[in-house]
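User: I am new to this structure and would like to go through it slowly, one question at a time. Please explain each term when it first comes up.

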Amino acid sequence: MNAEEGNILARGRVATRLPAQDLERARRFYAERLGLEPVDERPGGLLYRCGGTDFALFASTGASPGTFTQMGWEVDDLETVVAQLKQRGVVFEEVDLPGFRTTNGVAEIDGNYPSKGARGERAAWFRDSEGNLLGIGEPVV
């Protein structure tokens, strides 16, 4: 038996949970800005499905620090996705640090995981209505 077969978590599905201080405000943001509607809901929670995976927004009294990427999407055409989201009013983060800079909200990142078969990644980040930092990436082959 290899390590993955013996590890119960390795066989599980990963699902992101994002806090929302105002769940209705978050629902509107995800619908109006991202074009996403929940596939299910329960008291204090909204469940979304993208590309066969789930993420949930949950009512929380705590605020997201928004200092790191909490969830990301991998897409085939970053420029088109960013342009569409900008048209919907999404504001992308601009970063200007030594060795890491965005231009029109998009960063060129050297290197990628060898198993992805890409030499790098192009990425962009934005915050949702609750302060969660979300990313979008496109592998560069």
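User: Is glutamate 130 buried or exposed?

Analyst: This is a predicted model, in which local features need pLDDT of at least 70 and side-chain atom pairs count only at pLDDT 80 or more, while totals for chains, interfaces and linings use all residues. Residues are numbered from 1 along each chain as its sequence is written, and side-chain values use heavy atoms, with hydrogens and water left out. Buried means under 20% relative accessible area, exposed means over 50%, and partly exposed lies in between (1.4 Å probe, protein chains only). Because its relative accessibility is 10%, glutamate 130 counts as buried.

User: Which side chain does glutamate 130 meet in a salt bridge?

Analyst: A salt bridge is a side-chain nitrogen of Lys or Arg within 4 Å of a carboxyl oxygen of Asp or Glu. Glutamate 130 takes part in such a contact at 2.8 Å, N to O, and it sits in the loop between β9 (120-127) and β10 (133-140), whereas its partner belongs to helix α3 (residues 23-32), 105 residues apart. Helices (H or I, at least four residues) and strands (E, at least two) are DSSP runs, numbered from the N terminus. With a relative accessible area of 32%, the partner is partly exposed; this partner is arginine 25.

User: In what order do the six strands of the open sheet lie?

Analyst: Strands of a sheet pair through backbone hydrogen bonds, either parallel or antiparallel. Two strands count as paired here if DSSP finds at least two bridges between them. The edge strands, each pairing on one side only, are β5 (69-74) and β6 (96-97). The pairing is mixed, and the order is β5-β10-β9-β8-β7-β6.

User: How many bridges join β5 to β10?

Analyst: One pair of bridge partners is methionine 71 and leucine 134, the latter in β10. The strand β10 is mostly covered, since seven of its eight residues are buried. β5 and β10 run parallel, and the number of bridges joining them is five.

User: Which residue in the hairpin of β9 and β10 takes a positive phi?

Analyst: β9 and β10 pair in the antiparallel sense over eight bridges, and within this pairing arginine 127 stands opposite leucine 133 in β10. The hairpin has five residues between the strands. The residue with a positive phi near 90° is glycine 131.

User: Which residue forms a salt bridge with glutamate 93?

Analyst: Glutamate 93 lies in the loop between α4 (78-87) and β6, and its partner lies in strand β9, 34 residues apart. Glutamate 93 is partly exposed, with a relative accessible area of 24%, and the partner, at 33%, also counts as partly exposed. The closest N and O atoms are 3.3 Å apart, and the partner is arginine 127.

User: Which residues are joined into one network by salt bridges that share partners?

Analyst: Arginine 122 and glutamate 138 form a salt bridge whose closest N and O atoms are 3.5 Å apart. Because arginine 122 lies in strand β9 and glutamate 138 in strand β10, the pair ties together parts that are 16 residues apart in sequence. Arginine 122 is buried, with a relative accessible area of 16%, and glutamate 138 is buried at 16% too. The network joined by shared partners consists of Glu79, Glu108, Arg122 and Glu138.
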